[in-house]
Amino acid sequence: MTVDQPDTERRALITGGTAGIGAAFARRLAADGWHLVLVARDADRLAEMAAELTGRHARTVETIPADLSTDDGCATVERRLAAEPSVELLVNNAGISLNKPFLRSSVEDEARLLRLNVHAVMRLTLAALRPMTERRRGAVINVSSVAGFGAVMPGSTYSASKAWVTNFSESVGQSTRPFGVRVMALCPGYTRTEFHDRAGINMSKTPGWMWLRADDVVDEALRDLRKGKLVSVPAWKYKLAVAGLRHAPRRLLDVVSRDTRGRIGREDG
Ligand SMILES: NC(=O)c1ccc[n+]([C@@H]2O[C@H](COP(=O)([O-])OP(=O)(O)OC[C@H]3O[C@@H](n4cnc5c(N)ncnc54)[C@H](OP(=O)(O)O)[C@@H]3O)[C@@H](O)[C@H]2O)c1
C-alpha cells in the first residue's frame with residue numbers, strides 16, 4: 001500500500017483540516033477514498049467538517065481538537081500518530097502569519113508563530129516518520145510557502161519560518177527515500193482562504209491574478225507527491241517567481257520587496 005495505489009484502508013491526518021488549504025486536502029482525500037484524522041482548535045468546526053465528509057463520502061473521520069502551538073496539543077497528536085489504525089499520509093498544514101513587523105512584535109506572538117509553523121511541524125514529522133519508515137510506506141506533506149524562498153517581506157518572521165519548513169522537508173525527504181517514505185514541502189503562493197483575514201492583513205490591493213484556488217493547490221501537490229518531488233510549487237506564475245527569488249540579483253530583490261515593506265509598515269499601525 002503506497003500513496004500511489006488506491007486502498008480502502010488508507011488514512012491521512014491533516015492539521016488545520018477545517019479551513020482553507022487543509023479543508024481542500026480533506027475534501028479531496030475523502031473523495032479519493034481516504035479515511036481521515038482532522039486536527040484543529042475549534043471542536044465545533046471539526047465536528048461540522050466530519051459530518052460533511054462522512055455524509056458525502058462514507059469514510060471515517062476522527063477529530064482531534066488540539067492547539068498545536070502548545071506542548072500538550074502536539075503530544076496529543078503525536079500519540080495518535082503512534083497508534084493504530086496507522087496513518088499513511090500526514091499533512092502538516094496548520095500555520096499562521098502575523099500582521100506586525102518584527103520591531104513592533106512581542107516575544108509571545110513570535111514564539112506562538114514559531115511553535116506552530118516550525119516546532120509542531122518538526123514534532124509531528126518525527127512522530128509520523130518512525131512508524132512509516134518501519135512499515136516502509138507513507139508520506140508527509142509539510143505546507144510551506146513561496147515566501148520561504150526569500151526575505152520578501154522585510155520584518156516578517158513568517159518567511160523565515162517557511163524557509164525552515166522547506167529546507168527541513170527537503171533534507172528529511174532525502175533521508176527517508178531509501179525507506180520508500182516521501183516527505184515533500186508544498187510551497188503555495190497567495191491562496192484564497194481565511195489566512196490573511198485571521199492575521200488581520202489587508203490584501204485588498206493584491207491583484208486577482210495572483211490568487212490561487214485551494215483545490216488547485218491540493219491537486220498539484222498530490223500530483224507532485226506521486227512524482228516523488230521534494231518541493232512542490234503550484235502554478236507556473238509562482239514557479240517563475242521562485243526562479244526569480246533563487247537567481248535574481250539581491251539588489252533587484254531589495255527594490256521589489258520595498259513595496260511590501262511599505263505595506264506592512266502602513267497597515268499594522
Ligand atoms: N493562504 C495563503 O495565501 C497561503 C500561502 C502560502 C502558504 N500558506 C500556508 O498554508 C497553510 C494553511 O493556511 P490556510 O491559508 O489554509 O489558513 P486558514 O484558512 O487560516 O486555515 C488555518 C487552519 O489551521 C487551523 N489552525 C490555526 N491555528 C492552529 C493551532 N494553533 N493549532 C491547530 N490548528 C490551528 C485552523 O483551525 P482552528 O482555528 O480551529 O484551529 C484552520 O483549520 C499554512 O501553513 C499557511 O502558512 C497559505
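**Ligand shell and cavity**

Reader: Which helix gives the most to the lining of the largest cavity?
Author: This is a predicted model. Four residues of the lining of the largest cavity come from one helix, residues 107–135. That helix, the top contributor, is H4.

Reader: What are the class counts for the lining of the largest cavity?
Author: The lining includes Leu68, Asn92, Leu116 and Val121. Charged residues are absent from the lining. The split is six nonpolar and three polar.

Reader: How much space lies in the largest cavity?
Author: The structure has one cavity of 30 Å³ or more. The space in the largest cavity is about 30 Å³.

Reader: Which side chain has a polar atom 2.8 Å from a nitrogen atom of the ligand?
Author: Backbone atoms face ligand oxygens in two cases: glycine 16 at 3.3 Å and isoleucine 21 at 2.8 Å. The ligand nitrogen instead pairs with a side-chain atom. That side chain belongs to aspartate 67.

Reader: How much of the ligand's accessible area does the protein cover?
Author: Aspartate 67 puts a polar side-chain atom 2.8 Å from a ligand nitrogen. On its own, the ligand has 900 Å² of accessible area. The protein covers 97% of that area.

Reader: Which element gives the largest share of the shell around the ligand?
Author: The shell has 31 residues, with Thr18, Arg41, Asn93, Tyr158 and Thr193 the closest. By class, the shell holds 12 nonpolar, 13 polar and six charged residues. The largest share from an element is three residues, and the element is H6.

Notes:
Residues are numbered from 1 along each chain as its sequence is written. This is a predicted model: local features need pLDDT of at least 70, side-chain atom pairs count only at pLDDT 80 or more; totals for chains, interfaces and linings use all residues. Side-chain values use heavy atoms; hydrogens and water are left out. A residue is near a molecule or strand if one of its heavy atoms lies within 4 Å of it. A polar contact is a pair of N or O atoms within 3.5 Å; within protein, one must be able to donate a hydrogen and the other to accept it, and residues adjacent in sequence count only if both atoms are side-chain atoms. Accessible areas come from the Shrake-Rupley method with a 1.4 Å probe; for residues, only the protein chains shown count as cover. Helices (H or I, at least four residues) and strands (E, at least two) are DSSP runs, numbered from the N terminus. Ala, Val, Leu, Ile, Met, Phe, Trp, Tyr, Cys and Pro count as nonpolar, Asp, Glu, Lys and Arg as charged, and the others, Gly among them, as polar. On a 1 Å grid over the protein atoms alone, a cavity is a set of points where a 1.4 Å probe fits but cannot get out, and a pocket is an open set with protein on both sides within 12 Å along at least five of seven lines; lining residues have an atom within 4 Å of a point. Grid points are joined across faces, edges and corners, and a volume is the space filled by probe spheres set on the points.
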